[in-house]
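Ready for a few exercises in reading a protein model? Take a look at the structure first, then work through each task at your own pace.

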Amino acid sequence: MKIRQTVRSPAVWLAVATILRLIVAAFLPVTPDEAYYWVWSRGLQGGYLDHPPMVALWIRAGTDLFGDNAFGIRVLAPLATAAGTVMIVAAARDLFRLAQPDGRENARAIMAGVLLNATLALGVGSVTMTPDTPLLFFVALFLLALARVSSGGSSMWWLAVCAAVGLGFDSKYTMALPAAGLAVWLVLTKEGRRRLARPWPWLAAVTGAVLTAPVFWWNATHGWASFVRQGGRAADWRPARAAQFLGELLGGQVGLATPAIFALFVVGVWNASRRRDAADRLLLCLVGVPLAVFAQHALGDRVQANWPVIIYPVFAVLAARVDVRWRFVAAFTGVALSVLVILQALTSVFPLGRHLDVALRQGGGWPAFVQDVDARTAGAAFVAADDYGLASELALRLPGRVVAGADDRWTYFGLHPVACAGDGYLLHNARRDPPGNAGWMRGAETVVTVIRARRGVEAERYVLYRLSCSQAGFYRLPPAR
């Protein structure tokens, strides 16, 4: 009997899933974006051109313990997913008891954690390291703290609410969207206004502001570059293509949530809009504001498929109250799809070409490719790339070489220009036209086309140029330790 109870324990299943994810994280090829964030971790700052610094801090913590490798870069991802799942389940339990207690709160709360983990976004995201990784962890903390506040817990939980907002903002700027949803709830609902009449929300807001100070300081000392880069997209306006962008937004969510779980998300929101009990009003505000912003953005430009993932934890809680038998099938299907995607990334079990296989394009063939580049450029003063992801992969995988970047973004890193007396080499993606205004193009000599492939299937091809160090103007990337 004890063995049967142990096997059925959700905690045991979560522990097993976490161990498997740690193993996969160690063997899955490091993608160019992950290598780029690893470069960030080698030069910690209050911010970067693309995102705030939290992902760099997490990678630095992992690589300090386990080295500059795939496991070190990603080790915190499966652990954070496990901890976040526990927080989501606890938050769902509190909110369900606040809504309509019927004795099934525990089972429904566990289902919220299951559905969230069964999405393709979290199934694959739990074994990779991107800004969404710490972001989702702090969203889970945010939701748990709000649930405790809403269900009559200590007012001290307000400090956790705003700490989660601040640290989430330090992970990715989109944390401002559920925070804005909370502000709407506080102002427009009777429950919220009652909270605002007390000092704790205001004191907690100061905590959140202090935690975001490094990001604002970095932007203030770098011409507000990151805020301008991310916030400038809001001004786009192309209504003639709105139908296309909205369709892509919808299709992206169907894919990342998986179709059946996406249907549960939709039904969960619909049911909540009809019930509108105390828990529903809060959750609808948390998803309503982000959805409105993403829809508005789609009127002028594409919404990246991963942006709405920030509200998947709230969707999972709402979907867990949908009492249909096929939700177990939905969860199983989602897990199966995640396993297939990871299996493809590890083994190329399906004979897909580069156009259909994202894992091939992102992670296929890096070790052999870098070894080939190392051999072809032996003795050169440096090897460089004009793509930030490619340059980052070279820096990670060629610790004994001088690796340089030829992208303007490196000027925001405080890196030193390459100082050398000999010639070097540069790799450029062969599918893109060479930049005619790039200084390195003057006098550059084409050497050879180098192909990155996995098991004979081409992932990408690059042109290798020989050029003079004196005309390069490149920035030296930090080497792996």
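Below are three exercises with worked solutions, based on a predicted model.

**Exercise 1. Describe how helix 10 packs against helix 13, and sort the contact residues by class.**

Solution. Start with the geometry: two packed helices are described by the angle between their axes and the distance between the axes. For helix 10 (residues 157-169) and helix 13 (residues 200-220), the angle is about 20° and the axes are 8 Å apart. Angles under 35 degrees count as roughly parallel, so helix 10 is roughly parallel to helix 13. The crossing of helix 10 past helix 13 is right-handed.

Next, list who touches whom. Helix 10 contributes Trp-158, Leu-159, Cys-162, Ala-163, Gly-166, Leu-167 and Phe-169, while the helix 13 side includes Trp-200, Pro-201, Gly-208 and Phe-216. Sorted by class, this contact of helix 10 with helix 13 has 13 nonpolar, four polar and no charged residues.

**Exercise 2. Do the same for helix 3 and helix 4.**

Solution. Helix 3 (residues 32-41) and helix 4 (residues 54-66) have axes 8 Å apart, at an angle of about 80°. The range 65 to 115 degrees counts as roughly perpendicular, so helix 3 is roughly perpendicular to helix 4.

The contact brings together Glu-34, Tyr-37, Trp-38, Trp-40 and Ser-41 of helix 3 with Val-55, Ala-56, Ile-59, Arg-60 and Thr-63 of helix 4. By class, the contact of helix 3 with helix 4 has six nonpolar, two polar and two charged residues.

**Exercise 3. Which residues do ring pairs link into a cluster with Tyr-36, and how are two of the pairs arranged?**

Solution. Begin with the overall count: the structure holds 26 aromatic pairs. In one of them, the rings of Tyr-36 and Phe-413 have centres 6.3 Å apart and planes at 50°, so this pair is tilted. Because Tyr-36 lies in helix 3 and Phe-413 in the loop between strand 2 (403-405) and strand 3 (423-429), the pair ties together parts that are 377 residues apart in sequence. Tyr-36 has 2% relative accessibility and counts as buried; Phe-413, at 9%, counts as buried too.

Now take Tyr-37 and Trp-40. Their ring centres are 5.0 Å apart with planes at 70°, so the pair is edge-to-face. Both residues lie in helix 3, three residues apart, about one turn of the helix, and both are buried.

Finally, put the cluster together: ring pairs link Tyr-36, Tyr-37, Trp-40, Tyr-48, Tyr-388, Trp-410 and Phe-413.

Methods:
Residues are numbered from 1 along each chain as its sequence is written. This is a predicted model: local features need pLDDT of at least 70, side-chain atom pairs count only at pLDDT 80 or more; totals for chains, interfaces and linings use all residues. Side-chain values use heavy atoms; hydrogens and water are left out. Axes are lines fitted to C-alpha atoms, for helices over the stretch in contact, and angles run from 0 to 180 degrees between N-to-C directions. Helices (H or I, at least four residues) and strands (E, at least two) are DSSP runs, numbered from the N terminus. Angles under 35 degrees count as roughly parallel, over 145 as roughly antiparallel, 65 to 115 as roughly perpendicular and the rest as oblique. A crossing is left-handed if the near helix is turned anticlockwise from the far one by less than a right angle, and right-handed if clockwise. Contact means heavy atoms within 4.5 Å. Ala, Val, Leu, Ile, Met, Phe, Trp, Tyr, Cys and Pro count as nonpolar, Asp, Glu, Lys and Arg as charged, and the others, Gly among them, as polar. Rings of Phe, Tyr and Trp (its six-membered ring) pair if their centres lie within 6.5 Å; planes under 30 degrees apart count as stacked, over 60 as edge-to-face and the rest as tilted. Buried means under 20% relative accessible area, exposed over 50%, partly exposed in between (1.4 Å probe, protein chains only).
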